[in-house]
Each structure stands twice: as structure tokens, then as C-alpha cells.
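Trainee: I should like to learn how to read a structural model feature by feature. May we begin with the general idea each time and then turn to the case at hand?

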Amino acid sequence: MTTIPLELVQKLRVAQQVVVLTGAGVSAESGIPTFRAAQTGLWAQYNPAELATPQAFQKNPRLVWEWYTWRRELVAQAKPNPAHFALVQMQKYVSQFTLITQNVDGLHQQAGSQSVMELHGNINRTKCFQQEHLVASWSPTEAIPPHCPYCGGLLRPDVVWFGENIPTLVFQSAREATEQCDMFFSIGTSSLVYPAALLPLIARQATRVEINSETTPLTSQVHFTLRGSAAQLLPALINLTWATHEPLNPIPE
Ligand code: BV8
């Protein structure tokens, strides 16, 4: 595991506004395959970026619905890992902390993070394709996908597909926090999907840190690179920075 520079610890200890952007690499050690890792089993022959589009859904709604059903079952079995819990801790020690995620698995909230900004939606929420009615439940049906109880449209996951806009207010809040922060962490993301990948580039004024098991297009743009597993590096960073400090904002356990 890479060493954690003392200068990074010292900067984090005095940081007032910290923004963290996470990607699928943070959930990898919860057993959820990252977006670019080969899909397993039945889904190995599909490219996620080709399934996660409105066009794919319109062309084959059953296939796309079943892909998400498979992923929802993976997410249901997954538990937050030490990377998620370390970010809950970080939120307690930083006076203004913003967590922005590209992940759709809800594990940050499950771990206890507050006010998570979900850029790409949440796989556990369902809406209708036609009129975006949010649908919490639907009567048992043979139809795959099921139909919206309000308008009869086809149900789909409430995630942002490629070619769809990020929820405007969410991205605006994420952008504002990024423009004001003094430290920006990019954790477990390949930095290939936009506009999320723009955020670290907007944080020109901040000390930028990347935590990733591999190099990404962002690596050359950051001040500190921690090469390795987020589930190992984040707890180590939190411990080095605040082990002897009282939390500023204790979040109820
Ligand atoms: C948009 C939800 C405006 C769905 C996702 C042509 C037409 C239209 C748009 C575009 C276009 N060309 C480009 C675009 C823009 C497009 C885009 O960016 N495409 C890419 C492929 C180039 N973006 C969009 O379409 C966005 N909307 O632009 O709207 C617009 C509208 C209309 C027309 C034009 C423009 C919407 C993008 C949102 C897509 N939805 N998810 C679902 O999940 O099913 S994105 C999807 O990829 C996931 O959310 C995922 O999080 C995200 C990014 O991937 P990562 O999280 O980074 O995961 P990845 O597997 O890639 O990498 C994991 C990383 O972790 C790796 O670096 C690995 O090394 C590291 N790692 C692994 N294990 C660990 C680890 N690190 C640390 N520890 C470990 N243990």
C-alpha cells in the first residue's frame, strides 16, 4: 500500500471545505463490479455503456429492465465497506463536507453519510419512462418491465443514462461546492464520464487528491496521488489525520 504524505495529512487537518467525488471503485470492495470491469456471467457479452441508454431501453425494454434487476439484487446483498465508513468519519471532522457520488447503489447513505449528492440517480428508485412518475411499488405482473400505475408507461430505474442530463439542481450544487472548496478528493473513479469528470478540473483553487488503484486521466492534474485500495487508504488517512482529535460535527451513530 502506498505511503500517505505528511503534507497531505497536515492540509486535510486544517481544511475547512472538503469535497469528495466517488465512483464505482469505492463500492468495488462491497462486491459490486465496477462499471468498466467485465460484467459477470449472463451479462458478460454486454457493454454497460450500451445498455445504460434510453435508446437501449426503447429498443429492448425487457433486456434493460432485467439487467437492472440483476444489478439491484447485487446491490441488495452488498454492505458498505471501510471506504464508505471512512467518509462518514471524515464528514464529522470537516466543518463543510460535501459528498458527491456517481454511484447508484446507495451505499454511502447506508453507511451513514448525510446529504449525499447522487449525480447519476439511484438504482433502488423506479420511475416511468414516459412521464417520470416515481413509483415505489406496483402490483405483481407478468409484464417485464412492469407498467406505471399512474400513466401505464413502462417502468425504468431512476438512474441517469448516457445521453440524459444530470439532475440540474444536483449538478449545480455539486459545482458550487467544488468552486468553493479548499480540498477536492476524487476516489475510485476512472474520470471518464462527464460532466462528473469535469468537477475536479473546476476545483482549480483546491488541493486535489486522487485515490485509485490505477492511473487515470486525472492523475496528472492532482497534487497528491494515493495509489491503492480506497477501503484501505481512506481509513488510514482518517486515522493519521484525526485519531487524536474530537469530531467537530458528531453525526448520530
Ligand atoms: C450528459 C448511471 C448532457 C447508469 C452512469 C454522446 C452523446 C451524449 C452524451 C455524450 C456523448 N459522448 C460523451 C457524452 C457524455 C457522456 C459521457 O461522459 N460518456 C463517456 C462514456 C465518454 N455523459 C453523459 O451522457 C451524461 N449526460 O452528458 O448530459 C447531454 C445530454 C444529451 C446529449 C449530450 C449531452 C450522463 C452520464 C451518466 C451515465 N450514467 N450511471 C447506471 O449505472 O446504469 S455512469 C456510470 O459510469 C456509473 O455511474 C459510474 O459511476 C460511472 C463512471 O464510472 P466510474 O464510477 O468511474 O467507474 P469505472 O468502472 O469507470 O472506474 C472505477 C475506477 O475505480 C477505476 O479507475 C478503478 O481503477 C478504480 N478502482 C477499482 N477498485 C478500486 C478502485 N479505486 C480504489 N479502490 C478500489 N478498491
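The dialogue below moves from the overall fold to single residues.

Trainee: What kind of model is this, and how are residues numbered?

Mentor: This is a predicted model, in which local features need pLDDT of at least 70, side-chain atom pairs count only at pLDDT 80 or more, and totals for chains, interfaces and linings use all residues. Residues are numbered from 1 along each chain as its sequence is written, and side-chain values use heavy atoms, with hydrogens and water left out.

Trainee: How many helices and strands does the protein chain have?

Mentor: Helices (H or I, at least four residues) and strands (E, at least two) are DSSP runs, numbered from the N terminus. By that reading, the protein chain holds nine helices and eight strands. Its radius of gyration is 19 Å, close to the 18 Å that the globule rule gives for 253 residues, so the chain is as compact as a globular protein of that length. The radius is taken over C-alpha atoms, and the rule is 2.2 Å times the number of residues to the power 0.38. Along the principal axes, the C-alpha atoms fill a box of roughly 60 × 35 × 30 Å.

Trainee: What percentage of the residues is buried?

Mentor: Buried means under 20% relative accessible area, exposed means over 50%, and partly exposed lies in between (1.4 Å probe, protein chains only). Here, buried residues account for 51% of the 253 residues. The accessible surface comes to about 12,100 Å², and 52% of it belongs to carbon and sulfur atoms. Such areas come from the Shrake-Rupley method with a 1.4 Å probe; for residues, only the protein chains shown count as cover.

Trainee: How is the chain divided into domains, and how many residues of each take part in the contact?

Mentor: Domain bounds come from an automatic or database domain assignment. In this chain the assignment gives domain 1 (6-32 + 80-120 + 166-242) and domain 2 (33-77 + 123-159). The contact between them takes 12 residues from domain 1 and 10 residues from domain 2, where contact means heavy atoms within 4.5 Å. The C-alpha centres of the two domains lie 27 Å apart. Among contacts in the chain between residues at least 6 apart in sequence, 67% join residues at least 24 apart.

Trainee: Which peptide bonds should I inspect for a cis geometry?

Mentor: Look at omega. The bond from Ile144 to Pro145 is cis, with omega near 0 degrees, and Pro145 sits in the loop between β4 (121-128) and β5 (155-159). The bond from Tyr194 to Pro195 is also cis, with omega near 0 degrees; Pro195 belongs to the loop between β6 (183-187) and α8 (199-202).

Trainee: Where do residues other than glycine have a positive phi?

Mentor: Two serines serve as examples. Ser115, with phi near 50 degrees, lies in the loop between α6 (107-111) and β3 (117-118). Ser191, with phi near 55 degrees, is found in the loop between β6 and α8.

Trainee: Is each of these serines buried or exposed?

Mentor: Ser115 counts as exposed because its relative accessibility is 66%. Ser191 has a relative accessible area of 9%, so Ser191 is buried.

Trainee: Which residues does Thr216 touch?

Mentor: Set aside residues up to four places away in sequence; Thr216 then touches Thr189, Ser190, Ser191 and Glu210. Thr216 lies in the loop between β7 (207-212) and β8 (224-227), and with a relative accessible area of 11% Thr216 is buried.

Trainee: What surrounds Pro54 in its helix, and which residues is Pro54 in contact with?

Mentor: Pro54 is placed in helix α3 (residues 54-59) and, at 12% relative accessibility, counts as buried. Leaving aside neighbours within four places in sequence, its contacts are Phe129, Trp161, Phe162 and Glu164.

Trainee: How far apart in space are Gln10 and Thr241?

Mentor: One compares separation in sequence with separation in space. Gln10 and Thr241 are 231 residues apart in sequence and 7.3 Å apart in space, C-alpha to C-alpha. Gln10 lies in helix α1 (residues 6-14) and is partly exposed, with a relative accessible area of 41%. For another pair, Ile202 and Gly112 are 90 residues apart in sequence and 27 Å apart in space, C-alpha to C-alpha.
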